[in-house]
Amino acid sequence: TPKKAAKSASLTMLKPGDTLASSLAPQIGNQPFTISCVVESLQPDGIILAHGGISAGYALHLKQGHPVFSVHTGAGSEVVDLMSAAKITGLTRIKAALAPDATMTLCLNDLAAATGKAPGLIPRQPQEDFCLGHDNVKPVANYSGKDPFRGSIADLKITTP
């Protein structure tokens with residue numbers, strides 16, 4: 001019998017290119033959550049992680065070297081992109097959070113990098129796969145580059161209260 005998912009899913013064994021069925025991914029439906037990872041990228045644009053698609057989901061990706069946290073709360077709603085003014089250089093710890101009041105925050109190496117507001121929490125568990133280093137079906141956000149992520153993604157954790 002499968003164990004009930006822990007509040008912090010163990011994602012550390014995943015490598016760029018891997019996918020998890022949504023039912024096995026962190027259960028973030030209608031909950032605040034925090035993503036943390038250490039990234040080193042060999043490309044300016046790339047998808048670090050994506051979970052969901054055009055109806056609901058979230059993604060962490062790079063646009064011209066700037067980390068972007070994207071949240072899509074449901075069909076018909078716009079995707080909210082929160083982009084850091086700073087670019088990542090070398091190994092960078094990235095933390096992205098969606099708070100109970102729908103405040104979005106992005107931190108680089110434990111320093112606040114950007115703050116914004118989503119329309120709300122993601123109302124249900126995203127239906128599409130959780131993807132590390134790519135987005136395999138319909139994109140969560142408007143990112144370029146469906147090419148696999150080149151670089152390293154380590155210490156990945158997604159936590160809910």
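The confidence of this predicted model averages a pLDDT of 90 over the protein chain, and 91% of the residues score at least 70. Residues 1-9 stand apart from that description, as pLDDT stays under 50 throughout this stretch. For residues 1-9 the model has eight contacts beyond four places in sequence.

In soluble globular proteins, nonpolar side chains tend to be buried together. In the present model, the largest nonpolar core comprises 36 residues. The members that touch the most other members are Ile35, Tyr58, Leu60, Phe69 and Phe130. Two or more residues are contributed to this core by each of the strands β3 (33-41), β4 (46-52), β5 (57-63), β6 (66-72), β8 (92-98), β9 (103-108), β11 (130-132) and β12 (151-159). Strand β3 supplies the largest share, with four residues. A second core, separate from the largest one, consists of six residues, among them Ala50, Ala59, Ala141 and Tyr143.

Aromatic side chains were examined next. The model contains two aromatic pairs. In one of them, the ring centres of Phe33 and Tyr58 lie 4.7 Å apart with an angle of 50 degrees between the planes, so the arrangement is classed as tilted. This pair links distant parts of the chain, since Phe33 belongs to strand β3 and Tyr58 to strand β5, 25 residues apart. Phe33 is buried, at a relative accessible area of 2%, and Tyr58 is likewise buried, at 0%. Phe33 also pairs with Phe69, in an edge-to-face arrangement with 6.3 Å from centre to centre and 85 degrees between the planes. Because Phe33 lies in strand β3 and Phe69 in strand β6, this contact ties together parts that are 36 residues apart in sequence. Phe69 is buried, with a relative accessibility of 0%. Through these ring pairs, Phe33, Tyr58 and Phe69 are linked into a cluster. Tyr58 and Phe69 are also named among the core residues that touch the most other members.

With regard to cysteines, the model contains zero disulfides. The cysteine sulfur closest to that of Cys107 belongs to Cys37 and is 12 Å away, which is too far for a bond. For Cys131, the closest cysteine sulfur is again in Cys37, at 15 Å, so this separation is also too far for a bond. Cys131 is buried, with a relative accessibility of 0%.

Side chains of opposite charge can pair when their charged atoms come close. Two salt bridges were identified in the model. In one, the side chains of Arg93 and Asp155 meet with an N to O distance of 3.9 Å. Arg93 is in strand β8 and Asp155 in strand β12, and the pair thereby links parts of the chain that are 62 residues apart. Both ends of this bridge are partly exposed: the relative accessible area is 31% for Arg93 and 40% for Asp155. The other salt bridge joins Lys117 to Asp101, whose closest N and O atoms are 3.9 Å apart. Lys117 lies in strand β10 (residues 111-117) and Asp101 in the loop between β8 and β9, so the bridge ties together parts that are 16 residues apart in sequence. Lys117 is partly exposed, with a relative accessible area of 48%, and Asp101 is partly exposed as well, at 45%.

Terms used:
Residues are numbered from 1 along each chain as its sequence is written. This is a predicted model: local features need pLDDT of at least 70, side-chain atom pairs count only at pLDDT 80 or more; totals for chains, interfaces and linings use all residues. Side-chain values use heavy atoms; hydrogens and water are left out. pLDDT is the predictor's confidence in each residue, from 0 to 100. Contact means heavy atoms within 4.5 Å. A nonpolar core is a set of buried Ala, Val, Leu, Ile, Met, Phe, Trp, Tyr and Cys residues joined through side-chain atoms within 4.5 Å. Buried means under 20% relative accessible area, exposed over 50%, partly exposed in between (1.4 Å probe, protein chains only). Rings of Phe, Tyr and Trp (its six-membered ring) pair if their centres lie within 6.5 Å; planes under 30 degrees apart count as stacked, over 60 as edge-to-face and the rest as tilted. A disulfide is a pair of cysteine sulfur atoms within 2.5 Å. A salt bridge is a side-chain nitrogen of Lys or Arg within 4 Å of a carboxyl oxygen of Asp or Glu.
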